[in-house]
Amino acid sequence: MLWYALYTKSRQEKKVVARLLQLNIEVYCPMIFQERQWSDRKKKVEVPLLSSYVFVKLESKDREQVFQVSGVVRYLYWLGQPAIIKETEIELMQKWLKDKVVSFEVVGIQPGSLYEIPSGPFIGQKGIVDKVDKSQITLVLEQLGVKIILRQ
């Protein structure tokens, strides 16, 4: 059995988890506590670490079962295939989140941030992100005096 990432409708993560559990599908939604401010009080509320994402563990032949649940939109894809999450990565998240985490933010790659190329002929080179599109990143490698485009 493999772990897959599911994209859900906005703010439907907890409902999707409950419905998937009713179908006897192993599911994991990493949760954290955040302090929220209302006009009259502050309160710690439990929210998903990754908005609109839950992880499911199932056989590849059973992947279509998740679409019986309302709130599930699609699988997260990588290189044209449903993204497979390593067991060790799920375990690491679970271990890290055993203690209560308050006020954590996940931010994607943004223009101006530093990015290290993970593979290919420029592996290990660091550059400044110039532009981010749906399937590519434009990166400026100042040391080499070039601008390159990394495609998914």
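Here are some questions and answers about the packing and ring contacts in this predicted model.

User: Happy to start with the inside of the protein: how many residues does the largest nonpolar core have?
Analyst: Among the residues with the most contacts inside this core are Leu6, Leu20, Val54 and Tyr75. Strand S1 (2-8), helix H1 (13-22), strand S5 (53-58) and strand S6 (72-75) each give two or more residues to it. The size of this core is 16 residues.

User: And how many residues are in the other core that lies apart from it?
Analyst: That other core includes Trp3, Ile32, Val45 and Ile85. Its size is 12 residues.

User: Leaving aside neighbours within four places in sequence, which tyrosines is Val56 in contact with?
Analyst: Val56 belongs to the residues with the most contacts inside the largest nonpolar core. Leaving aside neighbours within four places in sequence, its contacts include Leu2, Trp3, Leu6, Leu20, Ile25 and Val66. The tyrosines on that list are Tyr4 and Tyr75.

User: Nice, those two again! Are the rings of Tyr4 and Tyr75 stacked or edge-to-face?
Analyst: A pair of aromatic rings is described by the distance of the centres and the angle of the planes. For Tyr4 and Tyr75, the centres are 5.7 Å apart and the planes stand at 70 degrees. An angle over 60 degrees counts as edge-to-face, so the pair of Tyr4 and Tyr75 is edge-to-face.

User: How many residues apart in sequence are the parts that this pair ties together?
Analyst: Tyr4, at 2% relative accessibility, is buried, and Tyr75 is buried too, at 3%. Tyr4 sits in strand S1 and Tyr75 in strand S6, so their pair ties together parts separated in sequence by 71 residues.

User: Which residue joins Tyr4 and Tyr75 in a ring cluster?
Analyst: The structure holds 3 aromatic pairs. Ring pairs link Tyr4 and Tyr75 into a cluster with Phe67.

User: Which residue lies over the face of Tyr7?
Analyst: Tyr7 is in strand S1, and its aromatic partner Tyr53 is in strand S5. At 28% relative accessibility, Tyr7 counts as partly exposed. The residue over its face, at 5.0 Å from the ring centre, is Arg74.

User: One last stop, at Thr138: is it buried or exposed?
Analyst: Thr138 is part of strand S12 (residues 136-141). Not counting residues up to four places away in sequence, it touches Ile128, Val129, Asp130, Lys131, Lys147, Ile148 and Ile149. Buried means under 20% relative accessible area, and Thr138 is at 8%, so it counts as buried.

Methods: Residues are numbered from 1 along each chain as its sequence is written. This is a predicted model: local features need pLDDT of at least 70, side-chain atom pairs count only at pLDDT 80 or more; totals for chains, interfaces and linings use all residues. Side-chain values use heavy atoms; hydrogens and water are left out. A nonpolar core is a set of buried Ala, Val, Leu, Ile, Met, Phe, Trp, Tyr and Cys residues joined through side-chain atoms within 4.5 Å. Buried means under 20% relative accessible area, exposed over 50%, partly exposed in between (1.4 Å probe, protein chains only). Helices (H or I, at least four residues) and strands (E, at least two) are DSSP runs, numbered from the N terminus. Contact means heavy atoms within 4.5 Å. Rings of Phe, Tyr and Trp (its six-membered ring) pair if their centres lie within 6.5 Å; planes under 30 degrees apart count as stacked, over 60 as edge-to-face and the rest as tilted. A charge sits over a ring if NZ of Lys or CZ of Arg is within 6 Å of the ring centre and within 35 degrees of the ring normal.
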